[in-house]
Amino acid sequence: MNKKEMLITPNTYSRPQRKIKKVKGIVWHWVANPNSSAEANRNYFENRKHGNTGYGSAHYIIDLDGQIIQVLPEDEMGYHVGSYTYTKKALTELSSYPNNCTIGIECTHVDSKGNMTDETRQTLIDLTASLLEKYDLSADDIWLHQEVVGWKDCHRFYVNNPSEYKKDKQKVSDVVGGGKIKDPIKVSYDDLETDEDFVNYLQNGDAGDKVGKLQEKLIKAGYKLPKYGVDKDFGDETEKAVRAMQKDAGITVDGLYGQDSGKALNKMLDTKSPNTRTSLNAYNSKKYKLASKAGLKEYQTFLNTFKDKAGFHSLATDGIYGRKTRDASIRVYQHLARVSVDGIFGKNSKAAAPILKQGKADKNWTYLVQGLLYCHSRDPKGFDGIYGSNTTSAVKSFQRAKKISIDGIVGKNTFDKFF
Ligand SMILES: [Zn+2]
């Protein structure tokens, strides 16, 4: 095994520097980008530090020639299995937040089915065996990403070829001197349970722009930070303010700023000055406008019918287009387009866009388009799943504003502007 250390820079999105207390499992992934090198994938994780591509990282990436790149120290947590849902097995055997007790291994592969070179596959077996021995685990502690979260087809090759998965696990077991491997579990959506806390929490010791935003919000909401102000450093003063806010909001007072705290603080700010909502919720610095509330509510109800299949938490049908509705829209898009569902509209997602036009569009796709029009303050005159002349004119109006071809047809470029 040839291992090269190329650790990424500490940052909020891919190297949060939280300690793993006890390693309980090894998770196998695919990089989902055929023939890309380990180093390219490592650099992708590195570039997440800029904050425009969301959270994500893993400890090791195995190259097409079997070489290993180490991206994170083994005792630091990566963001490789965060999800709104987890399987019961993962919640029972790992933890309520499996990132905090697992090591993630990403495999490069040669095609979109996830087929690996013999070298990659052999290194996966060797590396996994050495980690299991190191942490006193057995081959039963190997997980596919899918077995942890329930919905993602990662590692796709093993998800689609359970007998190969079993075979490779058995090879690992033979190395570490374990016994016979059981059949892999079949994951069903009924198995899933949700975890409210996801990855987005801040705590004492954190620093960066996200902390700065939190501090601005706290001050706006009336929680003073007299000594340090907005210094982007989550210290005792900020913690005290978070605790005071949590107490006032009637939620758990733990000084951790997670989803519940975020919701509570936003709600306070809404009542104090409704006009700040837009700037506060702006996601990836993309502006959005409040669109027709009624149409948006219908759209949110529609999106919710896909929540299990597309792996997101039920949306509030509040008629407000924010980060969560955007994320769910991308996930439903990915589900309908049959690409990996990860909530990030990347190259593969864009390439999978259908061509939708008047009289030639499936109902669900049309609902998605009509909903997205509402999200962008365009009115298709009804949320009915019928791609008629009103939808066409609304699409044209959107295309005109975005300076792309004005043809009333929704394809790659229009979806790109939608997301
Ligand atoms: Zn994965």
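Here a colleague asks a modeller how the descriptions of this predicted model are justified.

Colleague: What should I know before reading the numbers?

Modeller: Residues are numbered from 1 along each chain as its sequence is written. This is a predicted model, where local features need pLDDT of at least 70, side-chain atom pairs count only at pLDDT 80 or more, and totals for chains, interfaces and linings use all residues.

Colleague: What is the mean pLDDT of the protein chain?

Modeller: pLDDT is the predictor's confidence in each residue, from 0 to 100. For the protein chain the mean is 86, and 90% of its residues reach 70 or more. Over residues 194-199, though, pLDDT is below 50, and this stretch has 18 contacts in the model beyond near neighbours in sequence. A contact means that the C-beta atoms of two residues, placed from the backbone, lie within 7 Å. Residues 272-291 also stay under 50. Where pLDDT is low, the predicted coordinates should not be read in detail.

Colleague: Why is α13 described as largely enclosed by the rest of the structure?

Modeller: A residue is buried if 20 or more other C-beta atoms lie within 10 Å of its own, exposed if 12 or fewer, and partly exposed in between, with C-beta atoms placed from the backbone. Eleven of the 14 residues of α13 are buried, so the description fits. Among them are T325, I330 and Y333. The buried residues of α13 pack against α11 (293-304), α12 (307-310), α14 (347-351), α15 (363-375) and α17 (412-418).

Colleague: How do you know that the span of helix α13 agrees with what is expected?

Modeller: Helices (H or I, at least four residues) and strands (E, at least two) are DSSP runs, numbered from the N terminus. The expected span is 1.5 Å times one less than the number of residues. For the 14 residues of α13 (residues 323-336) that gives 20 Å, and the end C-alpha atoms are 20 Å apart, so the two agree.

Colleague: What makes β1 and β7 edge strands?

Modeller: Two strands pair if DSSP finds at least two bridges between them. Six strands form an open sheet in the order β1-β4-β3-β6-β2-β7, with mixed pairing. Strands β1 (3-5) and β7 (142-144) each pair on one side only, and that puts them at the edges.

Colleague: How many bridges join β3 and β4, and in which sense do they pair?

Modeller: Strand β3 (residues 60-62) and strand β4 (residues 68-70) have three bridges, in the antiparallel sense. Y60 stands opposite Q70 in β4.
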